[in-house]
Amino acid sequence: MFFDKPILAIESSCDETSAAVVVGNQVLSNVIASQIDMHQKWGGIVPEAAARAHVEAILPTIEEALSLANVQLSEIEGFAVTHRPGLVGALSVGVTVAKGLSFALKKPLVGVDHLEGHLYAFLSDFPDANFPVLSLLVSGGHTELVLIHSPGKVELIGSTRDDAAGEAFDKGARLLGLGYPGGYQVQLQATQGNPKRYSLPRGLDKEQFDMSFSGLKTAVLRLVEREGASISVPDACASLQTAITDVLVGRVENAIAHYRPASVSLCGGVAANLELRTRLAVLAARESIPFVPARLDLCTDNAGMIGIAGSLKLARGEVSDLSLEVQPNSILFA
Ligand code: KG4
Ligand code: ZN
């Protein structure tokens with residue numbers, strides 16, 4: 001199922017430059033150079049600046065990934081690179097470097113959809129998981145419920161109609177005066193809070209698989225306006241975290257009942273959330289279905305997950321040529 005020779009994987013779709021060395025399903029090294037400081041200073045992502053920062057970081061990041069894995073560039077037998085979705089300028093940096101290396105070393109290149117990276121990351125720790133795998137992909141830009149029938153065969157069964165779950169955490173955090181990244185700050189505060197203190201909406205609660213989180217941001221804004229200085233930030237964070245988690249866990253529960261998957265998985269940056277992780281583990285155990293989440297360090301954006309998805313593709317003989325294009329959107333579920 002996996003390509004068992006060393007692959008160099010590159011990810012530069014947003015604000016992290018990352019390179020990894022992967023053999024089979026094993027991530028030997030996974031180096032991430034973050035641009036968070038720069039974007040924090042400028043109050044958001046400036047696409048031109050992001051692309052330039054990738055140009056500066058990419059070769060040192062690749063060198064470090066090779067050195068940590070103790071693998072020479074000449075020993076690399078394939079290249080995997082994120083070519084969609086993301087900022088076109090940022091993606092182009094990784095894709096151009098990967099094409100150059102593939103051409104110079106005469107080794108195969110394969111383009112990977114960033115969402116495939118998230119979805120297959122769990123295979124590093126659960127290579128023997130049974131399919132179909134029901135996966136909840138939750139990040140700053142995505143909230144998707146996916147049925148993975150087998151590697152390479154995915155079906156979208158539900159998604160958010162507006163904000164992503166990570167956005168709901170981040171926007172709520174900003175309104176509550178917490179720093180970035182918001183999800184982690186909300187989780188920290190929530191440990192001291194009462195989730196029943198403030199009532200917040202669970203959007204689209206009549207829907208079986210689709211979700212909505214945009215009402216939450218308005219509700220948190222109203223809460224902040226109403227409570228003023230007397231607001232309890234820990235209670236607000238606990239209420240927000242539980243509202244988001246209720247929606248996500250509820251949809252997974254519906255999908256389990258409808259599809260009876262052989263395994264349940266969780267991936268994307270929000271998968272780091274402890275309440276979400278724990279509640280899904282409990283739900284899966286109750287349903288007697290193995291829970292096979294992506295490991296924490298493979299949840300936020302990284303090249304290791306791109307290497308695992310690339311390894312599956314190269315093992316199937318899927319390769320890209322030098323005409324591989326970068327695309328702003330995913331067409332994984334098209
Ligand atoms: O996958 P990711 O690194 O980047 C995207 O592709 O979007 O996800 C980032 C998102 C952010 O919204 C961040 O607030 C959220 O993941 N996040 C969390 C936690 N850690 C990161 N959300 C909730 N709880 C956490 N512990
Ligand atoms: Zn991501």
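This passage describes the ligand site, the pockets, the cavity and some backbone features of a predicted model.

The ligand site is taken up first. Ligand 1 is surrounded by 19 residues. The closest of them are Gly-140, Asp-170, Gly-183, Gln-187 and Asn-273. By class, the shell around ligand 1 holds 12 polar residues, 5 nonpolar residues and 2 charged residues. Three helices each supply at least two residues of this shell: helix 4 (114-120), helix 5 (165-175) and helix 6 (182-190). Helix 6 provides the largest share of the shell, with 4 residues.

Polar contacts to ligand 1 involve both backbone and side-chain atoms of the protein. The side chain of Asn-273 places an N or O atom 3.0 Å from a nitrogen atom of ligand 1. Asn-273 is also listed among the closest residues of the shell. On the backbone side, a polar atom of Gly-166 is 3.3 Å from an oxygen atom of ligand 1. Val-270 has a backbone N or O atom 3.5 Å from an oxygen atom of ligand 1. Ligand 1 exposes 560 Å² when taken alone, and the protein buries 87% of that area.

Where does ligand 1 sit? The space taken by ligand 1 is the largest pocket. The volume of this largest pocket is about 1300 Å³. Its lining comprises 41 residues, and those closest to the pocket centre are Asp-15, Gly-140, Gly-141, Asp-170 and Tyr-180. Helix 1 (36-42), helix 4, helix 5 and helix 6 are the elements that give two or more residues to this lining. Gly-140 and Asp-170 are thus named twice: among the residues closest to ligand 1, and among those closest to the centre of the largest pocket. The largest share of the pocket lining comes from helix 5, with 6 residues. For the shell around ligand 1, the largest share comes from helix 6. The lining of the largest pocket divides into 21 polar, 13 nonpolar and 7 charged residues.

The second largest pocket has a volume of about 170 Å³. Its lining is made up of 13 residues. Arg-84, Glu-116, Lys-313, Glu-318 and Leu-332 lie nearest the centre of this pocket. Strand 4 (78-84) and helix 4 are the elements that give two or more residues to its lining. By class, 5 lining residues of the second largest pocket are charged, 4 are polar and 4 are nonpolar.

Enclosed space was examined next. The count comes to 1 cavity of 30 Å³ or more. About 30 Å³ of space lies in the largest cavity. Its lining consists of Glu-116, Tyr-120, Gly-152, Ala-309, Leu-312, Lys-313 and Arg-316. Glu-116 and Lys-313 also appear among the residues nearest the centre of the second largest pocket. Helix 4 and helix 10 (303-315) each supply at least two residues of the cavity lining. Helix 10 gives the most, with 3 residues. The lining of the largest cavity divides into 3 charged, 3 nonpolar and 1 polar residues. Helix 4 therefore recurs as a contributor of two or more residues under the element numbering used here: to the shell around ligand 1, to the lining of the largest pocket, to the lining of the second largest pocket and to the lining of the largest cavity.

Backbone geometry completes the description. A cis peptide bond joins Arg-84 and Pro-85, with omega of about -15 degrees. Pro-85 is found in the loop between strand 4 and helix 3 (88-105). Arg-84 is also one of the residues nearest the centre of the second largest pocket. Another cis peptide bond joins Phe-131 and Pro-132, and its omega is about 0 degrees. Pro-132 lies in the loop between helix 4 and strand 6 (133-138). Asn-70 is not a glycine, yet has a positive phi of about 60 degrees. The loop between helix 2 (47-69) and strand 4 holds Asn-70.

Note on methods: Residues are numbered from 1 along each chain as its sequence is written. Chains are lettered from A and ligands numbered from 1 in the order in which they are written. This is a predicted model: local features need pLDDT of at least 70, side-chain atom pairs count only at pLDDT 80 or more; totals for chains, interfaces and linings use all residues. Side-chain values use heavy atoms; hydrogens and water are left out. A residue is near a molecule or strand if one of its heavy atoms lies within 4 Å of it. A polar contact is a pair of N or O atoms within 3.5 Å; within protein, one must be able to donate a hydrogen and the other to accept it, and residues adjacent in sequence count only if both atoms are side-chain atoms. Accessible areas come from the Shrake-Rupley method with a 1.4 Å probe; for residues, only the protein chains shown count as cover. On a 1 Å grid over the protein atoms alone, a cavity is a set of points where a 1.4 Å probe fits but cannot get out, and a pocket is an open set with protein on both sides within 12 Å along at least five of seven lines; lining residues have an atom within 4 Å of a point. A molecule sits in a cavity or pocket if more than half of its atoms lie within 2 Å of its grid points. Ala, Val, Leu, Ile, Met, Phe, Trp, Tyr, Cys and Pro count as nonpolar, Asp, Glu, Lys and Arg as charged, and the others, Gly among them, as polar. Grid points are joined across faces, edges and corners, and a volume is the space filled by probe spheres set on the points.
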